[in-house]
Amino acid sequence: MSKNSAVVLFKQIETAGSLVIQGYKAVQTLREAIPFAMREAGYDITFEPGSDPELVDYLTVAGTSGVEWAAGGAAVGALLGLLCQRPGTGAAIGLGLGAAVGVARGVHRVKQGWRIRAIHVANRVPQVTIHAVR
């Protein structure tokens with residue numbers, strides 16, 4: 001799968017507002033488009049309750065906004081802490097600040113994003129319906 005395929009799928013969903021995809025190749029492309037939508041557009045991705053748990057697990061991107069920002073904050077904090085010869089303290093402060101920023105961004109992202117329903121149809125072929133929430 002190429003990054004271009006994920007970007008094309010992202011743009012199709014944004015333009016159409018809704019899209020149904022079917023088959024393993026399309027689901028693989030969606031798997032790449034989800035982190036792109038989260039990272040580049042700041043979207044929150046929500047799976048509908050009727051979604052197949054196996055497909056949700058496959059499509060779910062590990063980590064949340066808070067965890068991502070906490071890790072980055074800890075790294076930056078450790079580097080700044082080195083200047084004061086206290087990298088542990090800097091990392092702890094950076095971790096807390098990063099987590100707070102990440103959670104705040106996560107709350108904001110709930111207002112826009114994609115709502116996804118992932119199911120298996122005949123012969124266990126995956127089918128995913130994506131709705132852009134604006």
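The accessible surface of the protein chain comes to about 7800 Å², and 62% of that surface belongs to carbon and sulfur atoms. The model is a predicted one. Of the chain's 134 residues, 37% count as buried. The chain contains 5 helices and 4 strands, and these follow one another along the sequence in the pattern α-β-α-β-α-α-α-β-β. Among contacts between residues at least 6 apart in sequence, 68% join residues at least 24 apart.

The strands offer a convenient point of entry. Strand S4 covers residues 126-133, and 6 of its 8 residues are buried, so S4 is largely enclosed by the rest of the structure. Strand S1, residues 18-22, runs antiparallel to S4 and is joined to it by 5 bridges. Within this pairing, Ser18 has His131 of S4 as its bridge partner. Strand S3, residues 113-120, also pairs with S4 in the antiparallel sense, over 8 bridges. Here Arg117 stands opposite Thr129 in S4.

S3 has a further pairing, with S2, which is parallel and extends over 4 bridges. In that pairing, Thr46 has Arg115 of S3 as its bridge partner. The two faces of S2 differ in their cover: Ile45 and Phe47 form a covered face, whereas Asp44 and Thr46 form an uncovered one.

From the strands the description turns to helix H2. This helix spans residues 24-40, has 17 residues, and reaches 24 Å from its first C-alpha to its last, close to the 24 Å expected at 1.5 Å a residue. Its buried residues are Val27, Thr29, Leu30, Ala33, Ile34, Phe36, Ala37 and Met38. After H2 comes Gly42, which has a positive phi near 70°.

The interior brings helices and strands together. In soluble globular proteins, nonpolar side chains tend to be buried together. The largest nonpolar core of this model has 25 residues, and those with the most contacts inside it are Leu30, Ile34, Ile45, Trp114 and Val128. Helix H1 (3-16), H2, S2, H3, S3 and S4 each supply at least two residues of this core. The largest share, 7 residues, comes from H2. Val128 gives a view of the surroundings of one core residue: leaving out residues up to four places away in sequence, Val128 touches Leu19, Val20, Ile21, Val27, Leu30, Leu59, Ile116, Arg117 and Ala118.

Two further buried positions show how separate parts of the chain meet. Ser51 lies in the loop between strand S2 (44-47) and helix H3 (53-59). Although it belongs to a loop, Ser51 is buried, because its relative accessible area is 8% and the cut-off for a buried residue is under 20%. The side chain of Ser51 reaches the backbone nitrogen of Ala118 at 3.0 Å. Apart from neighbours within four places in sequence, the contacts of Ser51 are Val56, Ile116, Arg117 and Ala118.

The second position is Gly73, in helix H4, residues 65-83. Gly73 is likewise buried, with a relative accessible area of 15%. Its C-alpha is 5.0 Å from that of Leu95, a residue 22 places apart from Gly73 in sequence. Outside its neighbours within four places in sequence, Gly73 is in contact with Gly94, Leu95 and Gly98.

Two loop residues complete the account. Most residues other than glycine have a negative phi. Gln85, however, has a positive phi of about 60° although it is not a glycine. Gln85 is placed in the loop between H4 and helix H5 (87-109), and its relative accessibility of 71% counts as exposed. Asn123 likewise has a positive phi, near 60°, in a residue other than glycine. Asn123 belongs to the hairpin of S3 and S4, which has 5 residues between the strands. At 75% relative accessibility, Asn123 also counts as exposed.

Technical notes
Residues numbered from 1 in each chain as written. Predicted model: local features only at pLDDT ≥ 70, side-chain atom pairs only at ≥ 80, totals over all residues. Heavy atoms only, no water. Buried < 20%, exposed > 50% of the residue type's maximum accessible area, 1.4 Å probe, protein only. Polar contact = N/O pair within 3.5 Å; in protein donor to acceptor, adjacent residues only side chain to side chain. Contact = heavy atoms within 4.5 Å. Pairing = 2+ DSSP bridges. Expected span 1.5 Å × (residues − 1). Core = buried A, V, L, I, M, F, W, Y, C linked by side-chain atoms within 4.5 Å. Areas by Shrake-Rupley, 256 points an atom, 1.4 Å probe, with all protein chains shown as cover.
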